[in-house]
Amino acid sequence: MTIDSARIPGTLRWAVRLLWAEAVAVGLIAVWLVWADLTADTTDLASALLVTAFAIGAAVALWALGRALLRRRAGARPPAIVLQLMLLPIGWFMIQGGMGWLGIPLMALGLGVGWLLVSPPTTKALGFE
């Protein structure tokens, strides 16, 4: 199957921008975690390093998926959708914990980017039609 070289649709561009914004946000959290690991009085080192490594990996994955989608790599769409769907339970538990001011926007972000990734223009640009 060949993919035309037409212009990248706005839905795909916005999905990539938002994935990169998420990558930057998670990257900043990772930087904070590294600082917290280095300055903590007491810590469970294995757990601290695992959480920090997870944040770094998530930031790298989000950035790489955005880049692959910008290059119209159809295989990047399913993992990007899964990462967006992961924002739903995270947001839900934030709402349950009294942090609705953050949980609701996270859920909206996950649903919005997920919709952008499955919208007809994106689907066509990635060669799924």
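## Helix α1 and its neighbours

In this predicted model, the buried residues of α1 pack against α2, α3 (77-85), α4 (87-96), α5 and α6 (120-125); contact here means heavy atoms within 4.5 Å. Helices are DSSP runs of H or I with at least four residues, numbered from the N terminus. Numbering of residues starts from 1 along each chain as its sequence is written. Local features need pLDDT of at least 70 and side-chain atom pairs count only at pLDDT 80 or more, while totals for chains, interfaces and linings use all residues, and side-chain values use heavy atoms, leaving out hydrogens and water.

Let's look along α1. Its 30 residues reach 43 Å from first C-alpha to last, close to the 44 Å expected at 1.5 Å a residue, that span being 1.5 Å times one less than the number of residues. Buried in α1 are T11, L12, A15, V16, L19, E22, A23, A30 and L33.

Now for the outside. V34, L38, I56 and V60 make a nonpolar patch on the surface, together offering about 370 Å² of accessible area. Both α1 (10-39) and α2 (45-70) supply at least two residues of this patch.

Here are two residues to find in the structure.

| Residue | Helix | Relative accessible area |
|---|---|---|
| V34 | α1 | 36%, partly exposed |
| I104 | α5 (residues 100-118) | 53%, exposed |

Buried means under 20% relative accessible area, exposed over 50%, and partly exposed in between (1.4 Å probe, protein chains only). I104 and L87 are 17 residues apart along the chain, and their C-alpha atoms are separated by 9.9 Å.

Terms used: Patch = residues over 30% accessible without salt bridge, like charges linked within 9 Å, V, L, I, M, F, W, Y side chains within 5 Å. Areas by Shrake-Rupley, 256 points an atom, 1.4 Å probe, with all protein chains shown as cover. Salt bridge = Lys/Arg side-chain N within 4 Å of Asp/Glu carboxyl O.
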